[in-house]
Structures are given as C-alpha cells and as structure tokens.
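Trainee: I am new to this structure and would like a close look at one part of it. Please start from a single residue, work through what surrounds that part, and then place it in the whole.

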Amino acid sequence: HLPVRTRVGGDSVRERIMREGGCHEIEYQQLEDSDALRRAATEVICNMALSEKFRERYRPEKDSGDTPPDRLKAVFVFCSDESYHIRLAALGAMAYLTSDTEICKGVVNIGSFIEVVKELILVEDPGLRHRLFVMLQNLIASDKAVAEKIINTEIFECLLALMHTPNQAPAMKAALDNCMKAAKYWGLIQKNPGDMVYEVDPSVGQN
C-alpha cells in the first residue's frame, strides 16, 4: 500500500519510483475502493506528472488513431469524482499531463471529455477552476485539430462567457486569455454566437 506521504521529492525520487516499477503499483491503487487510497494514488500521479519520462506512459500508442490509454482515461474520470480532494489532484495531474501534445490528442478522444469539462466549468471553486483552465489552455495551444474539438462545443461558449466575469483572479484571467490567444493563433475564432468578429493575429503565440 502507498505511504501516507504523497509529495514526491525531486526528479531523482521520481526516477527511482519508475525504475523500481512503482508506477504500476500507484496506478493499481488508484482503482481501489478506499477514498484515502485513491486520493493518495492520484496525488502521487499528479506529482509524478512533473516528469517528462512519466508523462510518456500516458501518450496514445503509435498508430492507435490517438486512442487514449486506459491509465489516461482513469485520471480524467477522477476529475469528476465525488471527493473534492481526488478531483483536485486529478485536475492537477491533467494540467501537467497536457503539457505533452501527444497526450492532448488522446484527452479530447476520451468519450466523457465534453460532458465532464462542461460540468467542471460550472464549479466555482478557485482551485478546481484554475487547474481546469490550465488544462484547457494547454489543450487549445497544443494542436489545431485538438483546439477544433474544443472550440466547436459548448465548452468554448462557456469560456467566452467567463471572459466577462468581473474580479477574476490574475491566474484565472491569464489562463483564459491564453485560451483565446491560442484559438486566434490557429485562426479558429472568427465570430461567436453574438456575431463579434475577432481579428486573427498570426504573431500570437510565437514569442
């Protein structure tokens, strides 16, 4: 079983866990019935996801048509868990995992992706919302085809509405702004349901 401590140390500790086969044990514990074990496992995965080598485990297999691996689907499913702390850790893990473009291609192919994100956007908790915005920012910036799968849904309409929410925390506003900049960079924002025309600036995102 996992130790109570779920904060993994530096890169050397992460490498040791991977070298000694600890990843399989962590992912197995994430599927346990115990909320405490599932929370601990998800928090470890969130911490381990800082490692590029660990993130490679969550990429779709080559020639799979960007089919998300089961371990990626498992982390995403926990983003809608009944436990607040499990949701927080899972969204944190997704924010780190989506720094990898190949993983992003798998995420948007998860069957429940749109439904789960739409539910999460309505949750006003700052911790959950910030992690969600970072994940969406990463997804939209990663690849034009990935961005299209988000922008052509109600998810993007929600993001547009939230842009006009007063008193946004700076970190939230920055992530929302990045979503819009990425959409403009890909040339995907032309007009919204209110017929507001957006200018496409090809220089956005190139600095």
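Mentor: Start with Lys-62, which counts as exposed because its relative accessibility is 77%, where the cut-off for exposed is over 50%. Keep in mind throughout that this is a predicted model.

Lys-62 sits in the loop that links helix H4 (52-55) to H5. Along the sequence, Lys-62 is 40 residues from Glu-102, yet in space the two are 9.8 Å apart, C-alpha to C-alpha. The loop between H4 and H5 also holds Asp-66. At 29% relative accessibility, Asp-66 counts as partly exposed. The backbone of Asp-66 deserves a look too, with phi near 60°, a positive value in a residue other than glycine.

Now follow the chain into H5. This helix covers residues 70-77. Which residues of H5 are buried? They are Leu-72, Ala-74, Val-75 and Phe-76. The cover over the buried residues of H5 includes helix H3 (35-48), H6, H7, helix H8 (113-121) and helix H9 (126-142).

Take H6 from that group. Two packed helices are described by the angle between their axes and the distance between the axes. The axis of H5 and that of H6 (residues 84-97) come within 8 Å, and they cross at roughly 135°. With that angle, H5 is oblique to H6. On the H5 side, the contact is made by Leu-72, Val-75 and Phe-76. On the H6 side, it is made by Ala-90, Ala-93, Met-94 and Leu-97. What kinds of residues make up this contact? Seven are nonpolar, none is polar and none is charged. Leu-72, Val-75 and Phe-76 are thus named twice here: they are among the buried residues of H5, and they are the residues of H5 in the contact with H6.

H9 is another helix in the cover of H5, and Met-135 gives a way into that helix. Met-135 is placed in H9. Is Met-135 buried or exposed? Met-135 counts as buried, because its relative accessibility is 0%. Leaving aside residues up to four places away in sequence, Met-135 touches Phe-76, Met-94, Ala-95, Thr-98, Phe-113 and Val-117. Two of these names have come up already: Phe-76 of H5 and Met-94 of H6 take part in the contact between those two helices. Ala-93 of H6 is also part of that contact. Met-135 and Ala-93 are 42 residues apart in sequence, and their C-alpha atoms are 9.2 Å apart in space.

Further along the chain, a second stretch can be read in a similar way. The loop between helix H11 (154-162) and helix H12 (170-185) contains Asn-167. Asn-167 is exposed, with a relative accessible area of 80%. Like Asp-66, whose phi is near 60°, Asn-167 has a positive phi near 60° without being glycine. In H12 itself lies Ala-183. Ala-183 is buried, since its relative accessible area is 0%. Beyond residues up to four places away in sequence, Ala-183 touches Ile-140, Ile-151, Phe-156, Leu-188 and Ile-189. For one of these, Phe-156, the C-alpha atom is separated from that of Ala-183 by 9.8 Å, with their positions 27 residues apart along the chain.

Now the whole. The protein has 12 helices and zero strands. Of its 207 residues, 47% are buried. Among contacts between residues at least 6 apart in sequence, 64% join residues at least 24 apart. The exposed area is about 11,200 Å², and carbon and sulfur atoms supply 49% of it.

Last comes confidence. The mean pLDDT is 84, and 80% of the residues reach 70 or more. Among the elements, H7 (residues 101-107) has the highest mean pLDDT, 97, and helix H1 (residues 11-19) the lowest, 57. Over residues 1-9 the pLDDT is below 50, and this stretch has 21 contacts in the model beyond near neighbours in sequence. Residues 191-207 also stay under 50, and for them the model has 19 contacts beyond four places in sequence.

Notes
Residues are numbered from 1 along each chain as its sequence is written. This is a predicted model: local features need pLDDT of at least 70, side-chain atom pairs count only at pLDDT 80 or more; totals for chains, interfaces and linings use all residues. Side-chain values use heavy atoms; hydrogens and water are left out. Axes are lines fitted to C-alpha atoms, for helices over the stretch in contact, and angles run from 0 to 180 degrees between N-to-C directions. Helices (H or I, at least four residues) and strands (E, at least two) are DSSP runs, numbered from the N terminus. Angles under 35 degrees count as roughly parallel, over 145 as roughly antiparallel, 65 to 115 as roughly perpendicular and the rest as oblique. Contact means heavy atoms within 4.5 Å. Ala, Val, Leu, Ile, Met, Phe, Trp, Tyr, Cys and Pro count as nonpolar, Asp, Glu, Lys and Arg as charged, and the others, Gly among them, as polar. Buried means under 20% relative accessible area, exposed over 50%, partly exposed in between (1.4 Å probe, protein chains only). Accessible areas come from the Shrake-Rupley method with a 1.4 Å probe; for residues, only the protein chains shown count as cover. pLDDT is the predictor's confidence in each residue, from 0 to 100.
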